[in-house]
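Me: Please pick one part of this structure and take a close look at it with me. Keep the sentences short, and spell out the terms as you go.

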Amino acid sequence: MKITKAQVIVTCPGRNFVTLKIHTNEGLYGIGDATLNGREKAVVSYLEDYVAPCLIGKDPERIEDIWQYLYRGCYWRRGPVTMSAIAAVDTALWDIKAKAADMPLYQLLGGASRDSVMVYGHANGTNIEETIEEVGKYTDLGYKAIRAQTGIPGIPSTYGVSKDKMFYEPADAEFPSENVWSTEKYLDHTPKLFEKIRGTYGFDHHLLHDVHHRLTPIEAGRLGKSLEPYRLFWMEDCVAADNVESLKLVRQHTVTPLAIGEIFNSVWDCKDMITNQLIDYIRTTVVHAGGITHLKQIASLASLYHVRTGCHGATDLSPVCMGASLNFNLWVPNFGIQEYMRHTPETDEVFPHAYSFNKGALHPGNTPGHGVDIDEKLAAKYPYKRAYLPVNRLEDGTMCNW
Ligand code: GCO
Ligand code: MG
């Protein structure tokens, strides 16, 4: 088999998605997600200008070799743009291989290790009462795990709180919108949310929370400690994880489990955190961490240190990423949980998929490949629209992490 064409498709059915479609001389094709929220066109150029010409004529069944060729061969390794591009190629090649074998991808990876993949949904509200109500909606839908975020009195807008509850989309402006942040107000308010959720619904569901990189280690230690009575499944991105040593301080103060890694791109970003057992869940997923091939390597390393997977699954990761990730999750021995932010009906229509939700879990389906396709005609009706993630400032105007 030979690769004849590598085509990049950009579509915006409510939000931007970049998809790579690899064609072969045997009529089989595979697709991979290459979406990097707020920087989409950088990956488009990387793929079209540099990667696609090198793929023509290559044997698509040599997935590992092509991965190494793109990683080692470009000299400038790692980084979100490079690794998203490599991921798109890798995902498309696994899709082709599984189609050629007439198997769903999880079978090719080693078969199912579980019946389905536990997912968590996002309950959020502008105040605690609203979030409590939203948590109830998710329990009614059958979710076993729910992430809870709430607006904070005195702060006009904050991460994780959306106007459109089910389809949270933070990249919503042609120019970055500005949020305001107060750590003091956040630290006072957040434990009250979890106290009320547990008081209302008891302890039958897993609860999760995303700090979104905003605290210092000692503040994160304090938050983790104050949340211990509510037994969270995890506290996510409690500090910006550039400096791994920060996590030692957090660990000294709390046994609330920690999840990190949605913005990591390679096993090297994860290595020290995993081998020092400074996290409990690794958040890397297919599109931003080099595809199925590389995610397998990260998960294998994690398995040696009791770290489980918790793949990123926000709306800016396309259904193609979700389909690939679910096949991976159904197989991976040290599975933890999968994030599941639902896509809008427009997005689901552009990306017909075999995966389905039942009783708080997703199954990737049994279609050969990863089970997700793209309707190109429909995709063409939604042209690219520039959209930025917000930026964040302290109340005195100082820039801080969003
Ligand atoms: C999450 C994430 C996302 C990110 C988004 C940025 O845990 O779901 O933090 O909501 O903010 O993916 O593009
Ligand atoms: Mg997150």
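Reply: Start with the magnesium ion (ligand 2). Asp210 (OD), Glu236 (OE) and Glu262 (OE) coordinate this ion, at 2.0 to 2.3 Å. Donors here are N, O and S atoms within 2.8 Å of the metal (3.2 Å for Na, K and Ca); water is not among the atoms, so sites may look incomplete. This is a predicted model: local features need pLDDT of at least 70, side-chain atom pairs count only at pLDDT 80 or more, and totals for chains, interfaces and linings use all residues. Residues are numbered from 1 along each chain as its sequence is written, chains are lettered from A and ligands numbered from 1 in the order in which they are written, and side-chain values use heavy atoms, leaving out hydrogens and water.

Now follow the chain. The donors of the magnesium ion (ligand 2) have the spacing D-x25-E-x25-E. Aspartate 210 sits in strand β7 (residues 206-210), while glutamate 262 is in the loop between β9 (258-260) and α9 (267-275), so the pair ties together parts that are 52 residues apart in sequence. Helices (H or I, at least four residues) and strands (E, at least two) are DSSP runs, numbered from the N terminus.

Are these two donors buried or exposed? Aspartate 210 is buried, with a relative accessible area of 2%. Glutamate 262 is buried too, at 10%. Buried means under 20% relative accessible area, exposed over 50%, and partly exposed in between (1.4 Å probe, protein chains only).

Next, ligand 1. Which residues come nearest to ligand 1? Of the 15 residues around this ligand, they are Asn37, His212, Glu236, Glu262 and Glu339. A residue counts as near if one of its heavy atoms lies within 4 Å. Glu236 and Glu262 are on this list, and both also coordinate the magnesium ion (ligand 2).

Polar contacts add detail. A polar contact is a pair of N or O atoms within 3.5 Å; within protein, one must be able to donate a hydrogen and the other to accept it, and residues adjacent in sequence count only if both atoms are side-chain atoms. Asparagine 37 has a polar side-chain atom 2.9 Å from an oxygen atom of ligand 1. For aspartate 210, a side-chain N or O atom is 3.0 Å from an oxygen atom of ligand 1. For histidine 312, the corresponding distance is 3.1 Å.

So aspartate 210 appears twice: as a donor to the magnesium ion (ligand 2), and in a polar contact with ligand 1.
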